[in-house]
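Trainee: Could you go through this structure with me, one question at a time?
Mentor: Gladly; please look at the sequence and the model first.

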Amino acid sequence: MKAVKIVEGRAYPLGESNIDTDIIIPAHYLKTTDRKGLAKGAFETIRAKEGNVFDNPEYKDAPILIAGDNFGCGSSREHAAWAIKEMGIEAVIAPRFSDIFSGNAFKNGLLTVVLPEADVERLLEVAKTDPITLDLENQVVTTPFQDRFHFEIDPFRKRCLLEGLDEIGLTLKDQDKISQYEDVLASDRPWV
Amino acid sequence: MTKNPRTLYEKIWDAHIVERREDGSALVYIDRHLVHEVTSPQAFEALRQAGRPLRRPDRTLAVPDHNVPTTARVDNEGHLLPIADPQSAKQLAALAKNAPEFGVRYISATDPEQGIVHVVGPEQGFTLPGTTLVCGDSHTAAHGALGALAFGIGTSEVEHVMATQTLILTPAKTMEVRVEGKLSPDVSAKDLILHIIHSLGTAGGTGYAIEYTGEAIRNLSIEERLTVSNMSIEAGARTGLIAPDDKTFAYLFGRPMAPKGQDWEKAVQWWKSLATDEGAVYDKTVIIKAEDVQPSVTWGTSPEDVVPITGVVPDPASFADPAKQAAARRSLEYMGLEPGQKMEGLAVENVFIGSCTNSRIEDLRAAASVVWGRHVADNVKQALVVPGSGLVKRQAEAEGLDEVFKAAGFEWREPGCSMCLAMNPDKVPAGERCASTSNRNFVGRQGPGARTHLVSPAMAAAAAVTGHLTDLRHLEPVEMGEKA
């Protein structure tokens, strides 16, 4: 995983709540055996509407997306995170994310930043005209207008993101502990 | 009272900790891994590239379901029929190749045990109480009905489980959803879970592991519990547990992969110890009154958009939250509905009975009992019954249910995810309505522009025979003499 420290630039001010995974990437794009080529299907139903934020030249290649409550609800498809990353987005800001989506995003180095609704509203305003900066190390979102919003992040996830750690590689270092657990399991619950 | 009383979730969690870490996370052992063709190819490929083996193929089971067409899979001479969509064919072929290559048991699309992963797991006894069970699919929550700590994961986690048989997790908060009292006989498990999702909201369970408790839950059959737990994710909860009890043990006894002999005795003893202790504290408790649950239907594009079938389409202005108002306006535009419009009587062109939520034998019996002696209405263009597995299909055929459906004008299909998610040839055409027993009414879920109304199997059957959303309590009885 590539390390993430600062994400800076314009942001798509999407702002809608309950953006589900079928909106992020419809099922007919999931018939792929690799992780690429999904950006073309991202937000298909939103992009079908005229004047949508994604096709507005003002936000071209923005590295940040600002959404409403419960972003990424629905399916477990990691294709949603892959599609967003492939669009060039490196961070999503919302008042709340679905648990599975935020996990998937993290595994792909896509930052999900949870902020209170009022802060998100303010950022949606700023995003229309100006860039936004996310600083993961200091856990803060700032704007050119002296806004400064602190956000919380799981310490394990923060470390992995900052250092670009390979989680599977890390866990494989604990193979002995896993084997010990399996030995105990085999004697305590042999039916498993 | 027990010392340090714990909830069901906490007991299963504690029993699976390989290592607790200072940052609050834990390395958690995964007992069971279900694999299907859509969310696994990238994980298998990554293992291959890194030269990593799959740690415990014996704890892994692979079955294709999302892409498989539900039409005949072999011709009259028993030869395999080709899959028309080259991308689906490729994805299915990848699973057929990957599973044996990594030593994983693979149930093929023509095996009698094939079906939707969440139907196959319990049916085979692969799903067991007190286990941790994962699958690259959010409806994995279903297996919580048997008391398994089961949740959906993304493809990176699929790869992590394949390589290490563990996941790095932080504990969820716990939420008790207690359903007090008795459900009316007119009400199904689907109506109950729709009512619960409406009460909690689509993000109400985010961050929580739900445990369903109370008299109405205890009274449900295992298949009904599977319907309830299945849709926990529609309320935001990755997992929806129900404590294992005698019904659970009776359901599992003798299933192919369930423990046998002494192991069975030992297992039941342990399973019985898993129930939440008296005095254990949940982070949140929500009480639902069973008597409030009515035959229900969704009107919008979120599973929380539920009204009783006797109800009307809500006015977006009636929502307090401006974001909800905007969402409701968008939903009504997409669904082609007006505020105040009655749900009952809304014409449907499609009916889908199937999906991991409602495709088990009891679901098919409930639908068939409504269909018997009646016929699919003329305005209904597609009426599909898609059993959840080959074994469900055979059981239904042994009971003659297929004849009831076919005589009424339904199509009787091969098992798979079918019209739930528009990844295979079964789709709802743009602008048309579908009374569907599936789990999501999202924009485009059943096909671009499709308008989904989530209902129970009996309500879907009632919609099929009347041609519109119908309160099944209002169906005219069929005269005995008229029955075929």
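Trainee: Is Arg48(B) buried, partly exposed or exposed?
Mentor: The model is a predicted one, in which local features need pLDDT of at least 70 and side-chain atom pairs count only at pLDDT 80 or more, while totals for chains, interfaces and linings use all residues. Residues are numbered from 1 along each chain as its sequence is written, chains are lettered from A and ligands numbered from 1 in the order in which they are written, and side-chain values use heavy atoms, with hydrogens and water left out. Buried means under 20% relative accessible area, exposed over 50%, and partly exposed in between, with a 1.4 Å probe and protein chains only. The relative accessibility of Arg48(B) is 28%, so this residue counts as partly exposed.

Trainee: With which residue does Arg48(B) form a salt bridge?
Mentor: A salt bridge is a side-chain nitrogen of Lys or Arg within 4 Å of a carboxyl oxygen of Asp or Glu. The partner lies three residues away in helix H2 of chain B, so that about one helical turn separates the two; helices here are DSSP runs (H or I, at least four residues), as are strands (E, at least two), numbered from the N terminus. The closest N and O atoms are 2.6 Å apart, and the partner of Arg48(B) is Glu45(B).

Trainee: Which residue of helix H7 of chain A pairs with Lys107(A), and how far apart along the chain are the two?
Mentor: Lys107(A) is buried at 17% relative accessibility, and its salt-bridge partner, Glu167(A), is buried too, at 8%. Their closest N and O atoms are 3.0 Å apart. Lys107(A) belongs to helix H4 (residues 99–107) and its partner to helix H7 (residues 167–172), so the pair links distant parts of the chain: the residue is Glu167(A), and the separation is 60 residues.

Trainee: How many disulfides are there over all chains?
Mentor: A disulfide is a pair of cysteine sulfur atoms within 2.5 Å. Take Cys356(B), which is buried with a relative accessible area of 8%: its closest cysteine sulfur is in Cys420(B), at 6.1 Å, and therefore too far for a bond. Over all chains, the number of disulfides found is zero.

Trainee: What area is buried between chain B and chain A?
Mentor: The size of an interface is often given as the accessible area lost when the parts come together; buried area is that loss (1.4 Å probe), summed over both parts. The contact, meaning heavy atoms within 4.5 Å, takes 74 residues from chain B and 54 residues from chain A. Carbon and sulfur atoms give 55% of the buried area, which is about 5,200 Å².

Trainee: How many salt bridges are there between chain B and chain A?
Mentor: One of them joins Arg35(A) to Glu159(B), with the closest N and O atoms 3.6 Å apart. Asp174(A), Lys177(A), Glu19(B) and Arg21(B) are also linked in a network of salt bridges. The count between chain B and chain A is nine.

Trainee: Which residues of chain B does Leu30(A) touch?
Mentor: Leu30(A) is found in the loop between H1 and helix H2 (44–47) of chain A, and it is buried, with a relative accessible area of 3%. Leaving out residues up to four places away in sequence, Leu30(A) touches Ile25(A), Arg77(A) and His79(A), and, from chain B, Val38(B), Gln91(B) and Met423(B).

How values were computed: Buried area = accessible area lost by both parts, 1.4 Å probe.
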